[in-house]
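Hello,

Here is the structure we talked about handing over. Please open it beside this message and follow along; my notes come after it.

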Amino acid sequence: MERSGKLASVFVRSRHLKKVIIVWQCSNQLPPSSEKLSAEVFNGLPVALSFAPLSKALSPTASTTPSPSNRFLPAHKDISTIAVWSAELDISDSLNLHQIDSAYALWLQHPHRLIGFTARAHIWDSKMGAWNYSVNASSHGNFSMVLLNAAVYHRYYHTLFWRLTTPKMRETIDTLATGEDILFNCVVGYATQSAPLLLTVKGARFPVSAEASSELVNYMGGSTLDVNQRSQITPSVVLAYRHTCLRAFANHFIPLHNTAFANLQAGRHFGLMNSTNVPFLPLYYSNLR
């Protein structure tokens, strides 16, 4: 709870924060009550706990890896505000109040866009004939995704995530225990036909190297593995998993070539993604920082 408290200590200082929803993804440990969290961690703000649905054959403390997609389960009825500020524990030492409020202010200007701090990109590998996931977006000059460890977006995208994605796509995420943020970027890209907005704020300390990339280091699937198994899940292994997710999602979005969302004649600029020889992804490049 130490990192939760550190993250909360920054967020509760924002006058824009109205409610806290904690998506509890630890299947072998129960969280404190929402009342206790509200009183002791979040300065009396309303706190709701969102639990992953478990199989009837499993007890609430069974050791299973919840689906990463559960982060999008809170719906309109659960979210009292239009904007969602998504934060993960790994950025508890990185965020400050200015960054939190700046991201929200930018979202107010562009409420249909996905706002984030950490850029990622999808790169076409011509030798392999497949998409690759890149953590070094800055080296390519363009980015097409942002991580959800620190991001702001419209609450409607939670609903859209479940409407536009298929069980097979979510099964890929569950099997590899990663990739839900990639798919979410695809969903928002499908709806907006736009790249996310990257917020660069003075003093930001989000890691940019592959070795320190949070989505590769903080692998959710390692929680139920023993020590020996966990040691084999290196950042390069998780990166390979994310390559696989990206390619699986591209196969799903191929039909979009024939719709207005990906119509070359309509003047939409997708760059390489428009090529008929390349599997389509509703991700858009940008170099705005």
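In which loop does N43 lie? N43 sits in the loop between α2 and β2. Before the rest, please keep in mind that this is a predicted model.

N43 and A177

N43 is not a glycine, yet its phi is positive, at about 50°. Its relative accessible area is 63%, so N43 is exposed, the cut-off for that being over 50%. A177 also has a positive phi without being a glycine, here of about 55°. The loop that holds A177 runs between α6 (167-176) and α7 (180-192). With a relative accessibility of 7%, A177 counts as buried, because buried means under 20%.

Strands and sheets

The loop of N43 leads back to a β-α-β unit. It is right-handed and consists of β1, helix α2 (residues 34-40) and β2. The two strands, β1 (residues 20-24) and β2 (residues 47-51), are paired in the parallel sense over five bridges. To find the pairing on screen, start from I21, whose bridge partner in β2 is A48.

A four-strand sheet is also present. It is open, its order is β3-β8-β4-β9, and its pairing is mixed. At its edges stand β3 (83-87) and β9 (197-198); each has a single partner strand, so one side of each is left without a neighbour in the sheet. β9 runs parallel to strand β4 (residues 115-116), and two bridges join them. G116 has L198 of β9 as its bridge partner.

Then there is an open sheet of three strands, ordered β6-β5-β7, with antiparallel pairing. Here the edge strands are β6 (130-134) and β7 (145-146); since each has a single partner strand, one side of each lacks a neighbour in the sheet. Strand β5 (residues 119-125) pairs with β6 in the antiparallel sense, over five bridges. Within that pairing, H122 is matched with Y133 in β6 as its bridge partner.

Cavity

How many cavities of 30 Å³ or more does a search of the whole structure find? The search finds one. The volume of this largest cavity is about 50 Å³. Its lining includes L114 and S144, then N185, V188, G189 and T192, and further along the chain S194, A195 and P196. P282, L283 and Y284 line the cavity as well. Sorted by class, the lining comprises seven nonpolar and five polar residues, and no charged ones.

Cysteines

Searching the whole structure for disulfides gives zero. Are C186 and C245 buried or exposed? C186 has a relative accessible area of 0%, which puts it under the 20% limit, so C186 is buried. C245 is likewise at 0% relative accessibility and therefore counts as buried.

Y156

Y156 belongs to helix α5 (residues 156-164). Its relative accessibility is 32%; that lies between the limits of 20% and 50%, so Y156 counts as partly exposed. How far apart are Y156 and H112 in sequence and in space? They are 44 residues apart in sequence, and their C-alpha atoms are 9.4 Å apart in space.

Regards

Definitions and conventions
Residues are numbered from 1 along each chain as its sequence is written. This is a predicted model: local features need pLDDT of at least 70, side-chain atom pairs count only at pLDDT 80 or more; totals for chains, interfaces and linings use all residues. Side-chain values use heavy atoms; hydrogens and water are left out. A disulfide is a pair of cysteine sulfur atoms within 2.5 Å. Buried means under 20% relative accessible area, exposed over 50%, partly exposed in between (1.4 Å probe, protein chains only). On a 1 Å grid over the protein atoms alone, a cavity is a set of points where a 1.4 Å probe fits but cannot get out, and a pocket is an open set with protein on both sides within 12 Å along at least five of seven lines; lining residues have an atom within 4 Å of a point. Grid points are joined across faces, edges and corners, and a volume is the space filled by probe spheres set on the points. Ala, Val, Leu, Ile, Met, Phe, Trp, Tyr, Cys and Pro count as nonpolar, Asp, Glu, Lys and Arg as charged, and the others, Gly among them, as polar. Two strands pair if DSSP finds at least two bridges between them. A crossover is right-handed if, with the strands pointing away from the viewer, the path from the first strand over the helix to the second runs clockwise.
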